[in-house]
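Q: Please pick one part of this structure and look at it closely. Start with the whole, then show what surrounds that part and what follows it.

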Amino acid sequence: MQQEAPMPHNLPKNIVIFVGEDNTSLQILNASIHKMISIGITPIFVRVPAKSNHTPCLDLLRYQFYESELIQKNIVPYIQSSPDTRYFALQTIQQMAERYALPILEAKSVKDQDLLDQLNQYDFIGAFSLRCFQIFKKNIRR
């Protein structure tokens, strides 16, 4: 098995994750959070509500029903309330933040100046969006 190269000591070790709280996002984070922490990367979660100024096409609305209404509001709560978690043991963003002592920043928009000011307090190597459906039009770092 190939060993991972260590991170240079002079780089910041935080990474900003603009994250949605849908099943897909939680699956990805649950599969990767421990690895990030174990190699010294500290995620900074940013929760921004999904919003859209346009009406999606009918096919997208149908898929949105399956993902949002059916899975997120019905199936996920049912499975999470089950005493048998062998098949579905997902931690929420809040649970991951508490377990690993990670910050969670809240904002109405990725363009909010308050959010940008908060982010600039952290020394981070980068940022990515994990199903945060807002459009990033300007730099998040000064």
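**Helix α3 and its surroundings**

A: The secondary structure of the protein comes to four helices and four strands; helices here are DSSP runs of H or I with at least four residues, strands are runs of E with at least two, and both are numbered from the N terminus. From the N terminus on, the order of elements is β-α-β-α-α-β-α-β. This is a predicted model, in which local features need pLDDT of at least 70, side-chain atom pairs count only at pLDDT 80 or more, and totals for chains, interfaces and linings use all residues. Residues are numbered from 1 along each chain as its sequence is written, and side-chain values use heavy atoms, with hydrogens and water left out.

Of the 142 residues in the protein, 30% are buried. Buried means under 20% relative accessible area, exposed means over 50%, and partly exposed lies in between (1.4 Å probe, protein chains only). Contacts are heavy atoms within 4.5 Å. Among those between residues at least 6 apart in sequence, 77% join residues at least 24 apart.

The part chosen is α3, which covers residues 93-100. Its buried residues are I93, M96, A97 and Y100. They lie on the same side of α3, because they cover an arc of only 100° around the axis; the arc is that of the directions from the helix axis to the C-beta atoms. On the face turned away from this buried side, α3 carries the exposed residues E98 and R99.

What do the buried residues of α3 pack against? Their partners are β1, α1, β2 (42-47) and β3 (104-106). The largest nonpolar core shows part of this arrangement. A nonpolar core is a set of buried Ala, Val, Leu, Ile, Met, Phe, Trp, Tyr and Cys residues joined through side-chain atoms within 4.5 Å. The largest one has 16 residues, and I17, V19, L29, F45, I93 and M96 have the most contacts inside it. The elements that give two or more residues to this core are β1 (14-19), α1 (23-38) and α3. A second, separate core has 12 residues, including F18, V46, A107 and L115.

I93 can be followed one residue at a time. Leaving out residues up to four places away in sequence, I93 touches V19, E21, L26, L29, F45, R47 and I104. One of these, R47, lies in strand β2. R47 counts as buried because its relative accessibility is 16%. With the same residues left out, the contacts of R47 are V19, E21, I93, Q94, I104, L105, E106 and A107.

After α3 comes A101, in the loop between α3 and β3. A101 is exposed, since its relative accessible area is 66%. Its phi is near 55°, a positive value in a residue other than glycine. Most residues other than glycine have a negative phi.

Another loop residue, I39, sits between α1 and β2. I39 is partly exposed because its relative accessible area is 39%. Its C-alpha atom is separated by 9.3 Å from that of K13, and the two residues are 26 apart along the chain.
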